[in-house]
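Hi,

Here is the structure I said I'd pass on. Have a look, and my notes are underneath.

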Amino acid sequence: MTNSTRIFLFFSFGYFVSYLYRGVNIGFSGFLIEEIGLSAADLGLLTSLYFLGFALTQIPAGAALDTWGPRKVNGVLVLVAAVGSVIFALSDTMWGLMLGRFVIGVGVAVCLGAAFQAMALTFPTHRLPMINGAVVALGGLGGAVVGTPLSLVLDVITWRTASFLLAALTVMVSLCLLFGARDTAPLHNRKRPTMGDQLRGTWEIARTRAFWQILLFPSIVAGTFYAVQSLWVKPYLLDVNGLPGATVDGLVSLLGFAAVFGSAASGLVARRVERWGISLYHFCGLLLALFVLTEVLILLDVPLPRAFFWIAYGFLGGTNALIYAVLVETFPRHTLGRVGTSFNMLVFFLIFLFQNAVGWVVELWEPISVGVYPAQAHIAAWTILLALQIGAGIWYFASKQPKKLEHL
């Protein structure tokens, strides 16, 4: 096996594990509500702390990636996630669970950003849409595992045992990255930056119009997609559509598999689309617009098989990874670590905000029973997120595609 293949597989493995952590509370939620007595707002806060820890780590992590490289930084940092999973497994209170989720978020903070940087340093630019799509596809299988497979596992073992097993799997990821592959390309700057340098570098990137023009719409869409996929899709299907639990678990897995195919398919067709005269920037925007349309159809409960809409939701949500190829085309290569982590910071702050916001809005209604809320509560929360996406999409398409930034 070549070193480039090992890099691809090991970083994909790391992203897969991070995806498991992201959505595992879908399966744990019922047990946590019963054992710990969590409310909808509590569950939203607990799950979203993963994303807060993830977001707060992005600025120093971005500078670290550009200094020491993705393999070493990711390999060391995921050990923190293993510690967080153990804390989560041992906790009997909301505070302990919150600490565990936050530490897990810190530990997996660079799994995707490091993977994309490693691919950019290992493979030629023209192959990156396909390679990045494959990374997201393989990693995104974690989104399918937290549906029916996780439900079946939790019939046999407890959520605490599952958390311990996740910790062991995370240690395996670290060993693969640190000792199973080697760096393939030198970085622009090996000098360790100060925190001031980190903040100035991120601020310089964030000050560019290109950053916001490219990323505002995708970040709001991604924030919505992952906030729903990692927690709120199951309550929506149970409370709004009134589906039985086994059917809901199946749709959650179906959504996850669709996201895998969306990531892979969008990467495969990206360059073909460019040969047709359509830029990656506009192609990404088109896919995101179709995602928003799918949300509208779900909210309207259009009389078609629900599996169709949730497959479309997952497939189109998975295509969001294409935006990283647009970043590679726009920003200098030596800034990709900071650009990627700046985007991740924005996305994961939004996921943290959106997951909490849905919980807050839902709790404005009186629960029908423990953990069950009126359909109107979920529909109101989703409508707010939909309005934000539509506004950002209008600006995205009203702006011209940014030109290549030569100096940054």
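The lining of the largest pocket splits into 17 nonpolar, 12 polar and 3 charged residues. Bear in mind that this is a predicted model, pocket included. The volume of the largest pocket comes out at about 550 Å³, and 32 residues line it. If you want somewhere to centre your view, S29, G30, I33, L238 and G371 are the lining residues nearest the middle of the pocket.

As for who supplies the wall, four helices each give two or more residues to the lining: α2 (25-36), α3 (40-56), α12 (209-239) and α13 (245-275). The top contributor is α2, with 7 residues.

The other thing I looked at is how α5 packs, with two partners to report.

Take α6 to start with. Helix α5 covers residues 70-90 and helix α6 covers residues 94-107. Their axes sit 7 Å apart, at an angle of about 165 degrees. Anything over 145 degrees counts as roughly antiparallel, so that is the label for α5 and α6. The crossing of the two is left-handed. On the α5 side, the contact uses L77, V78, V80, A81, G84, S85, I87 and F88. On the α6 side, the residues are G96, L97, L99, G100, R101, V103, I104, V106 and G107. By type, the α5 and α6 contact has 11 nonpolar residues, 5 polar and 1 charged.

Then there is α7, which spans residues 111-122. Helix α5 packs against α7 at an angle of about 160 degrees, and their axes are 9 Å apart. These two are therefore roughly antiparallel as well, and the α5 and α7 crossing is left-handed. Here α5 brings in P70, N74 and V78, while α7 offers C111, A114, Q117, A118 and L121. The α5 and α7 contact comprises 6 nonpolar and 2 polar residues, with no charged ones.

One residue to click on is V78 of α5: it is part of the contact with α6 and of the contact with α7.

Cheers

Conventions:
Residues numbered from 1 in each chain as written. Predicted model: local features only at pLDDT ≥ 70, side-chain atom pairs only at ≥ 80, totals over all residues. Heavy atoms only, no water. Axes fitted to C-alpha atoms, helices over the stretch in contact; angles between N-to-C directions. Parallel < 35°, antiparallel > 145°, perpendicular 65-115°, else oblique. Left-handed = near helix turned anticlockwise from the far one by under 90°. Contact = heavy atoms within 4.5 Å. Nonpolar A, V, L, I, M, F, W, Y, C, P; charged D, E, K, R; others polar. 1 Å grid on protein atoms, 1.4 Å probe; cavity = no way out; pocket = protein on both sides within 12 Å on 5 of 7 lines; lining within 4 Å. Points joined across faces, edges and corners; volume = space filled by probe spheres on them.
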